[in-house]
Amino acid sequence: MEPVDTDVTGQADHDGEGTSDTPPAAGSAEAPTLAELLLAVEELWPESLAETWDEVGLVAGHPSAPVTKVMFAVDPTLEVIEEAVEWGAELLITHHPLLLKGVTSVAATSAKGRAVHRLIESGTALLTVHTNGDSAVGGVSDVLADALGLQDVAPLTVAANGLPEEGIGRVGDLAEAMSLGDFSARVFGILPSVAGGVRVSGDKDGLVRRIAVCGGAGDSLFNEVRASNADVYVTADLRHHPASEAREAALNGRPYLVDVSHFASEWLWLPAAAAALGNVLSDQGHDVEILVSTTNSDPWDFILTPG
């Protein structure tokens with residue numbers, strides 16, 4: 001995983017995209033406040049798109065504080081926080097929440113408490129973009145679908161408070177049919193290297209063209225996947241019983257299943273998210289450096305396989 005360093009000063013000139021009609025004069029760009037940066041984030045990944053059970057938004061940070069450096073990461077682990085602090089980021093944006101469930105203490109006697117203390121003591125704000133980042137146009141599953149070369153992409157389930165093209169998961173078609181084995185190799189090739197690799201259920205030589213994807217854990221979407229007539233479903237964290245039941249309910253063996261790392265499936269979004277935020281801030285005349293974390297926060301270190 002190579003770091004994506006996005007210094008947004010002048011970046012919007014690429015291919016003429018993201019430029020404003022009246023760009024700021026040279027030398028006039030300045031750092032936004034955290035509050036101003038939150039408005040840019042809301043433009044890209046509205047909190048209204050988050051699932052009702054989710055906790056997104058600002059976790060720590062003072063709205064009036066200036067922000068010159070932003071780091072993107074999948075998880076707000078202590079290692080990631082230290083990376084952000086050492087780089088000098090005033091804002092860490094993570095996909096996963098630090099405090100998804102209610103807590104009664106953030107004492108530094110627990111890992112989450114130590115994380116909160118380190119953030120506040122270092123002056124590093126933390127912002128969560130979770131299921132709103134999944135659902136939005138250009139979100140996690142959109143990036144995954146694009147990396148796999150899917151066309152005519154649509155949501156698996158349409159967002160309750162969004163546009164028709166927003167929602168959880170995506171389904172689309174490959175330009176040409178290919179074998180499940182070759183398609184699985186394509187999936188493996190686009191993802192960051194992690195210990196768990198890629199697991200596949202289905203006929204290796206079976207042809208696939210219609211592909212459903214869901215970055216992160218997607219075993220709650222099997223009904224939508226079947227309704228989409230997908231030949232294969234790419235997602236993460238497939239548990240034994242849902243996967244077994246999906247195989248039993250499959251028609252002619254389909255949808256085949258491709259199970260990937262939760263971390264890896266969502267890491268792909270980070271460079272795209274960094275570039276998108278950089279373009280918005282540049283359009284607004286702000287000078288901010290944006291970096292993607294190089295920390296691998298996948299929880300597994302090695303795997304043993306037969307043979």
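This is a short conversation about reading the sheets, spaces and loops of a predicted model.

Colleague: I am new to this one, so let us start with a strand. Which way do the side chains of a strand point?

Modeller: In a regular strand, side chains alternate between the two faces of the sheet. Take strand β5, residues 125–128, as the case here. A125 and L127 are on one side, L126 and T128 are on the other, and these four residues are all buried. Both faces of β5 are therefore covered, since buried stands for under 20% relative accessible area.

Colleague: Which strand runs antiparallel to β5, and which runs parallel?

Modeller: Strand β2, residues 57–60, is antiparallel to β5, and three bridges join the two. You can find that pairing by looking at G57, whose bridge partner in β5 is T128. Strand β4, residues 91–94, runs parallel to β5, with four bridges between them. There, I93 has L127 of β5 as its bridge partner. From β4 the chain passes through helix α3, residues 111–122, before it arrives at β5, and this β-α-β crossover is right-handed.

Colleague: In what order do the strands of the six-stranded sheet come?

Modeller: Follow β6-β7-β9-β10-β11-β8; the sheet is open and its pairing is mixed. β6 (151–158) and β8 (199–201) are at the edges with a single partner strand each, so one side of each has no neighbour in the sheet. From one strand to the next, the twist averages 25 degrees.

Colleague: Could you show me one pairing inside that sheet?

Modeller: Try β10, residues 232–236, which pairs with β11 in the parallel sense over five bridges. V234 of β10 has V258 of β11 as its bridge partner.

Colleague: Now to empty space. How do I find it?

Modeller: Rolling a probe the size of a water molecule over the atoms shows where empty space is left. Let us begin with the largest pocket, whose volume is about 570 Å³. It is lined by 28 residues, and W53, H96, H130, H262 and E266 are the closest to its centre.

Colleague: Which elements supply the lining of the largest pocket, and what classes of residue are found there?

Modeller: α3, α4 (131–135), β9 (207–217) and α9 (262–267) each supply at least two residues. β9 gives the most, with four residues. The lining has 13 nonpolar, 10 polar and five charged residues.

Colleague: What about the second largest pocket?

Modeller: Its volume is about 350 Å³. The lining has 19 residues, and D237, S261, H262, D298 and W300 lie nearest the centre of this pocket. β11 (256–260) and α9 are the elements that give two or more residues to that lining. By class, the lining divides into eight nonpolar, six polar and five charged residues. If H262 sounds familiar, it was also named among the residues closest to the centre of the largest pocket.

Colleague: How many cavities of 30 Å³ or more does the structure hold?

Modeller: One. About 40 Å³ of space lies in this largest cavity. Its lining is made by A73, V74, D75, V80, F263, W267, L270, S293, T295 and S297. Six of these residues are nonpolar, three are polar and one is charged.

Colleague: Let us finish with the backbone. Where is there a cis peptide bond?

Modeller: Look at the bond from R254 to P255, where omega is near 5 degrees. P255 is in the loop between α8 (240–249) and β11. That loop also holds N252. The phi of N252 is positive, near 55 degrees, although N252 is a residue other than glycine.

Colleague: Is N252 buried or exposed?

Modeller: N252 is exposed, with a relative accessible area of 69%. N229 has a positive phi too, about 60 degrees, and is not a glycine. You will find N229 in the loop between α7 (222–227) and β10. N229 is exposed, with a relative accessible area of 60%.

Colleague: And where is P306?

Modeller: P306 is in the segment after β12 (289–292). Its relative accessible area is 83%, so P306 counts as exposed. From P306 to E289 there are 17 residues in sequence and 46 Å in space, C-alpha to C-alpha.

Notes
Residues are numbered from 1 along each chain as its sequence is written. This is a predicted model: local features need pLDDT of at least 70, side-chain atom pairs count only at pLDDT 80 or more; totals for chains, interfaces and linings use all residues. Side-chain values use heavy atoms; hydrogens and water are left out. On a 1 Å grid over the protein atoms alone, a cavity is a set of points where a 1.4 Å probe fits but cannot get out, and a pocket is an open set with protein on both sides within 12 Å along at least five of seven lines; lining residues have an atom within 4 Å of a point. Grid points are joined across faces, edges and corners, and a volume is the space filled by probe spheres set on the points. Ala, Val, Leu, Ile, Met, Phe, Trp, Tyr, Cys and Pro count as nonpolar, Asp, Glu, Lys and Arg as charged, and the others, Gly among them, as polar. Buried means under 20% relative accessible area, exposed over 50%, partly exposed in between (1.4 Å probe, protein chains only). Two strands pair if DSSP finds at least two bridges between them. A crossover is right-handed if, with the strands pointing away from the viewer, the path from the first strand over the helix to the second runs clockwise. Axes are lines fitted to C-alpha atoms, for helices over the stretch in contact, and angles run from 0 to 180 degrees between N-to-C directions.
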